[in-house]
Amino acid sequence: MSNSIEDDSFSKRVGRWSVFYYGVGHMLNDITSACWFTYLLLFLTDIGLSQRDAATVMLSGQIADGLATIFVGELIDRFGHFKIWHGAGSVLVAVSFSSVFGGCLPCKALATFSSTVETISYSTFAAIFNVGWAATQVSHMSMVNCISLNSTSRVVLASCRNAFTMVANLSLYGIALIVFNISIAKTYADIENQYRWIAYLSIFIGCCFVGIFHLGTNEPRSKISVHGNIYARISWTYWFRKILYYQVALVYVLTRLVLNVSQAYLAFYVINDLLMAQSAKALVPAIIYICSFIVSVLLQEIAWNGQRLKAYYAAGGILWMFCGVGILLLPRSMSLFMYAISVFIGIANALMTVTAVSMQSVVIGEDLNGCAFVCGSLSFLDKISCGLALFVLQSYQSSSPIIVGNYSTNFNFSVTRYGLGLVPAVCSALAVAVTFTMELQTPLSKPLLEPLLE
């Protein structure tokens, strides 16, 4: 029986359509996440919240997300049913996300617009949204380990998922560009209306792809291991005894810090620090995600092993270090160079994301009945660290920048510049250093006879 399961479910290569159906399953999460990290702080400060209150809203969502990932991961390991968790989380995301950007409902009900009530309201909806987001993320991320044991297939699935993450981000910026051009914001109500339409359209697009995922993807056999052990749940302490778990956790958290912190401050940087046109806050991110999409597709054509994971991750990390230095030192008079830097950021993001996620699969290996805990615990560390980092940075955002030089050549050492340049560069350097200490063994790696995607 176990041999039959192994042959049918794990040894056969993953087909092209199966890769596609799996890859689109995170689109709703990705498009709402792109809006969350790119526009939430900008939106909250535009409608009158202080920098610290905006940071509090962001932190409340991140904490709720982090705690939910642990809880959901434990339940999935106990009971399975990846698709049920994915569907329930998607419904919660779709229902709650519009409220995050839809204005302060309690303020209207209570006929008061105090900053305290606004902060509590936005923080509550942010927490609800992130609980649903966590359920969808953990179930989708851990599914890949139960779809295939082939290391190359696992990387291809992760790469396809990352490619559609880029599609989701591009969709968001396309929507935002259209909405910002059509709707002119002159009052707080106009600003809320702009972001409400962005939220509605994002939810609609994401839900369409969630439907495709559920129609095309079968429920994996999460409770049957390749050794035939049914319902043999793995204890948390099993993972805590593995050095590789801590190494991969650190690399994953540092990678998410690079991606999320840079995304959160990108719009601020191009508008406030470089004084670029308003269209740049959509065009610069679009260039990043187009490049990431192309690289993610190309990565699907490679036969993967542990050494290649480390090498490609290191390449992405080193590239981000150079980009971070460039951002930190770029003067306003040379702001057009930001478009060139964006190309390399996109390449680095794809290399680091695909390989960091794939390292989780190496840690899990054949221990499928603990895969959700690994994904959930790493996501918990990611959410808490990103929330704290953004809270600290945003708390100092109101500090006056230090202007150097005359107006035509000056640049300012602002929190935004540090958040987009210095923090990702330092995190990349630390992650690359940790990567070199890893011993990634992929004994089940079987190169495919043909590419999974054409």
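**Exercise 1. Classify the residues that line the largest cavity, then describe the space they enclose.**

Solution. The lining of the largest cavity divides into 16 nonpolar, 11 polar and 3 charged residues. In this count Ala, Val, Leu, Ile, Met, Phe, Trp, Tyr, Cys and Pro are nonpolar, Asp, Glu, Lys and Arg are charged, and the others, Gly among them, are polar. The structure is a predicted model, in which local features need pLDDT of at least 70 and side-chain atom pairs count only at pLDDT 80 or more, while totals for chains, interfaces and linings use all residues. Residues are numbered from 1 along each chain as its sequence is written, and side-chain values use heavy atoms, with hydrogens and water left out.

Next, the volume: the largest cavity holds about 470 Å³ of space. A cavity is a set of points on a 1 Å grid over the protein atoms alone where a 1.4 Å probe fits but cannot get out, and lining residues have an atom within 4 Å of a point. A volume is the space filled by probe spheres set on the points, which are joined across faces, edges and corners.

Last, the position: of 30 lining residues, Thr165, Met166, Arg256, Leu259 and Thr353 lie nearest the centre. Two or more lining residues come from each of H3, H7 (115–147), H8 (151–182), H11 (243–273), H12 (280–299) and H14 (337–364). H11 has the largest share, 7 residues. Helices are DSSP runs (H or I, at least four residues), numbered from the N terminus.

**Exercise 2. Describe the second largest cavity by volume, lining and contributing helices.**

Solution. The volume is about 90 Å³. The lining has 13 residues, and Ser33, Phe37, Asp65, Trp133 and Lys383 are the closest to the centre. At least two lining residues each come from H3, H4 (51–79), H7, H11 and H15 (371–395); H7 gives the most, with 4 residues. By class, the lining has 4 nonpolar, 5 polar and 4 charged residues.

**Exercise 3. Determine how H3 and H5 are each oriented against H9.**

Solution. Start with H3 (residues 27–46) and H9 (residues 188–216): their axes come within 9 Å and cross at roughly 170°. Axes are lines fitted to C-alpha atoms over the stretch in contact, and angles run from 0 to 180 degrees between N-to-C directions. The crossing angle therefore makes H3 roughly antiparallel to H9, a label for angles over 145 degrees. Among the residues in contact (heavy atoms within 4.5 Å) are Ile31, Tyr39 and Phe43 of H3 and Tyr195, Ile198 and Phe209 of H9. The contact of H3 with H9 has 16 nonpolar, 2 polar and 2 charged residues.

Then take H5 (residues 82–100), whose axis comes within 10 Å of that of H9 and crosses at roughly 170°. H5 is therefore roughly antiparallel to H9. Residues including His86, Ser90 and Phe97 in H5 meet residues including Tyr200, Ile203 and His214 in H9. This contact divides into 8 nonpolar, 5 polar and 1 charged.

**Exercise 4. State which stretches have pLDDT below 50.**

Solution. The pLDDT, the predictor's confidence in each residue from 0 to 100, averages 81 over the protein, and 86% of the residues score at least 70. Residues 399–409 are below 50, with 17 contacts beyond near neighbours in sequence. Residues 443–454 are also below 50, with 32 such contacts. Where pLDDT is low, the predicted coordinates should not be read in detail.

Key:
Parallel < 35°, antiparallel > 145°, perpendicular 65-115°, else oblique. 1 Å grid on protein atoms, 1.4 Å probe; cavity = no way out; pocket = protein on both sides within 12 Å on 5 of 7 lines; lining within 4 Å.
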